[in-house]
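User: Could you walk me through a few of the labels used for this model? I would like to see each one set against its cut-off.

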Amino acid sequence: SVIVGGGKSPFLALGEEALWKAINEAKSGNRIGDISQQIQQTIEKAGYSVSKSLVGHGVGRELHEDPIVPGLGKAGTGMVLKENMTIAIEVIYASGNAEVYLSDDGWTYVTQDHSIGGLFEMSVIIGKEGPEVLTDWRKV
């Protein structure tokens, strides 16, 4: 990560903030749109953009499964979250246009306008009272 003055850059701190706000919505009875709206509002309020083409997803027998968990959305819409579902919440954003293309190496995504991009992701189990974070890098 980029270090500025002994801490995260404001750009990176914002991505992490958006992730935690989104994770807080990952509870039984809420909807995918509740998660998506938190990401979109946090990122866009700061003047950045959210990727439309790269999204979070369900986690199960396959690496990427339904449901799709976009970074753009409206609260109260989308699939209802049910207890014990497992999803990956991903905040994928850029300082400019967040749309991306896959580079020639077949692995690296680059923003189309070559602006700086960021990604924060955690997998969570949907709980009755709230999420259980499975991949908290802060505890490593």
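User: What makes Glu-25, Lys-74, Ala-75 and Gly-76 contacts of Asp-34?

Analyst: Contact means heavy atoms within 4.5 Å. Leaving aside neighbours within four places in sequence, Asp-34 is in contact with those four residues, Glu-25, Lys-74, Ala-75 and Gly-76. Happily, the ground rules are short: this is a predicted model, where local features need pLDDT of at least 70 and side-chain atom pairs count only at pLDDT 80 or more, while totals for chains, interfaces and linings use all residues. Residues are numbered from 1 along each chain as its sequence is written, and side-chain values use heavy atoms, with hydrogens and water left out.

User: Why does Asp-34 have no salt bridge?

Analyst: A salt bridge needs a side-chain nitrogen of Lys or Arg within 4 Å of a carboxyl oxygen of Asp or Glu. For Asp-34, the nearest side chain of opposite charge is Arg-31, 6.3 Å away, so the cut-off is not met. Asp-34 is nonetheless buried, a label for under 20% relative accessible area (exposed is over 50%, partly exposed in between; 1.4 Å probe, protein chains only).

User: Which backbone nitrogens lie by a polar atom of the Asp-34 side chain?

Analyst: That of Arg-31 lies 2.7 Å from one, and that of Gly-76 lies 2.8 Å from one.

User: How do you know that Glu-17 and Lys-21 form a salt bridge?

Analyst: Their side chains meet at 3.0 Å, N to O, so the pair satisfies the cut-off. The structure holds one salt bridge.

User: Why are both called partly exposed?

Analyst: Glu-17 has a relative accessible area of 37% and Lys-21 has 34%, so both fall in the in-between range.

How values were computed
Lys, Arg positive; Asp, Glu negative; His and termini not counted. Polar contact = N/O pair within 3.5 Å; in protein donor to acceptor, adjacent residues only side chain to side chain.
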